[in-house]
Amino acid sequence: MVEISTSLLNAKKDQIIKTIYDIEVAGTDYIHIDVMDGKFVEKDTTEFMRECSECAKNITNLPLDVHLMVKDVENYIKSYLAIEPHSITFHLEACKNNKEVMKNISLIRENGVKIGISIKPKTPVEQVYEYLPYVHKVLIMTVEPGKGGQKFIPDTLEKINKLNIFAYENGYDIDIQVDGGIDNNTCENVKNAGANILVAGTYIINSTDYKKAILSLK
Ligand code: DX5
Ligand code: ZN
């Protein structure tokens with residue numbers, strides 16, 4: 001069974017409490033927190049995502065799935081550790097070298113939080129292989145990070161499939177998460193390719209029936 005992580009990126013700021021309540025009732029498995037710094041990507045969602053996270057902490061026990069699209073990975077990890085999320089995912093492309101990747105991994109692990117590493121659509125999937133013994137999940141971006149509501153990039157399916165086979169053949173028990181342009185049409189292909197956690201933002205948030213939308217993805 002796949003799990004669904006609902007992104008709050010396109011949720012209405014003045015309805016955040018109601019949205020969190022409604023997605024919980026609708027059966028989301030995680031709340032996806034899209035942190036953007038205005039540097040790694042153009043948009044800056046730092047303040048809004050801080051608000052969403054604090055609000056979620058106050059009203060639900062749903063696990064927070066933090067996706068850092070930031071340049072200064074270390075400092076953002078430190079600030080998000082404080083809210084005790086379920087997982088923190090950072091981008092491989094934001095790190096200067098292997099040493100920096102490993103340092104970020106250790107920082108998250110020392111705090112008992114699950115570790116995710118993410119790659120953009122154009123980054124070859126082989127680049128994450130060396131980190132598989134140390135992470136809990138790989139987030140394969142299926143759109144360019146930066147905004148919600150974009151069209152799914154079909155070329156990413158091959159990367160999901162390759163990673164799924166490589167992880168299986170080498171005995172790595174990791175989650176494969178996908179993010180961007182996931183809806184009731186694209187979900188079938190990503191699941192067949194091996195993804196087991198689907199992030200969806202606009203498809204769920206813009207629907208009139210969250211429960212139906214989540215069920216259709218599962
Ligand atoms: C994109 C973000 C997303 C994304 C999901 O940079 O990481 O989580 O906005 O939204 P949809 O489902 O609208 O593509
Ligand atoms: Zn995301």
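**Figure 1. Lining of the largest pocket in the predicted model.** The lining of the largest pocket comprises eleven nonpolar, twelve polar and six charged residues. The pocket holds about 330 Å³ of space. Among the 29 lining residues, Gly 148, Gly 149, Gly 180, Gly 181 and Thr 202 are the closest to the pocket centre. At least two lining residues are supplied by each of β2, β3, β8 and α7 (202–205).

**Figure 2. Ligand 1 in the largest pocket.** The shell around ligand 1 numbers 20 residues, of which Asp 34, Gly 149, Asp 179, Gly 201 and Thr 202 come nearest. Seven residues of this shell are nonpolar, ten are polar and three are charged. Two or more shell residues come from each of β2 (30–36), β3 (64–69) and β8 (197–200). The greatest contribution is that of β2, with three residues.

**Figure 3. Polar contacts between ligand 1 and Gly 149, Gly 201 and Thr 202.** A backbone N or O atom of Gly 149 is 2.8 Å from an oxygen atom of ligand 1. For Gly 201, a backbone N or O atom likewise lies 2.8 Å from a ligand 1 oxygen atom. Thr 202 takes part through its side chain, an N or O atom of which is 2.6 Å from an oxygen atom of ligand 1. The protein buries 99% of the 370 Å² that ligand 1 exposes when taken alone.

**Figure 4. The second largest pocket, with a volume of about 160 Å³.** The residues lining this pocket include Asn 10, Lys 12, Asp 22, Ile 205 and Tyr 210. Helix α1 (residues 16–25) provides the largest share of the lining, three residues. By class, the lining has three nonpolar, four polar and three charged residues.

Note on methods:
Residues numbered from 1 in each chain as written. Chains lettered and ligands numbered in written order. Predicted model: local features only at pLDDT ≥ 70, side-chain atom pairs only at ≥ 80, totals over all residues. Heavy atoms only, no water. Near = heavy atom within 4 Å. Polar contact = N/O pair within 3.5 Å; in protein donor to acceptor, adjacent residues only side chain to side chain. Areas by Shrake-Rupley, 256 points an atom, 1.4 Å probe, with all protein chains shown as cover. 1 Å grid on protein atoms, 1.4 Å probe; cavity = no way out; pocket = protein on both sides within 12 Å on 5 of 7 lines; lining within 4 Å. Sits in = over half its atoms within 2 Å of the grid points. Helix = DSSP H or I, 4+ residues; strand = E, 2+ residues; numbered from the N terminus. Nonpolar A, V, L, I, M, F, W, Y, C, P; charged D, E, K, R; others polar. Points joined across faces, edges and corners; volume = space filled by probe spheres on them.
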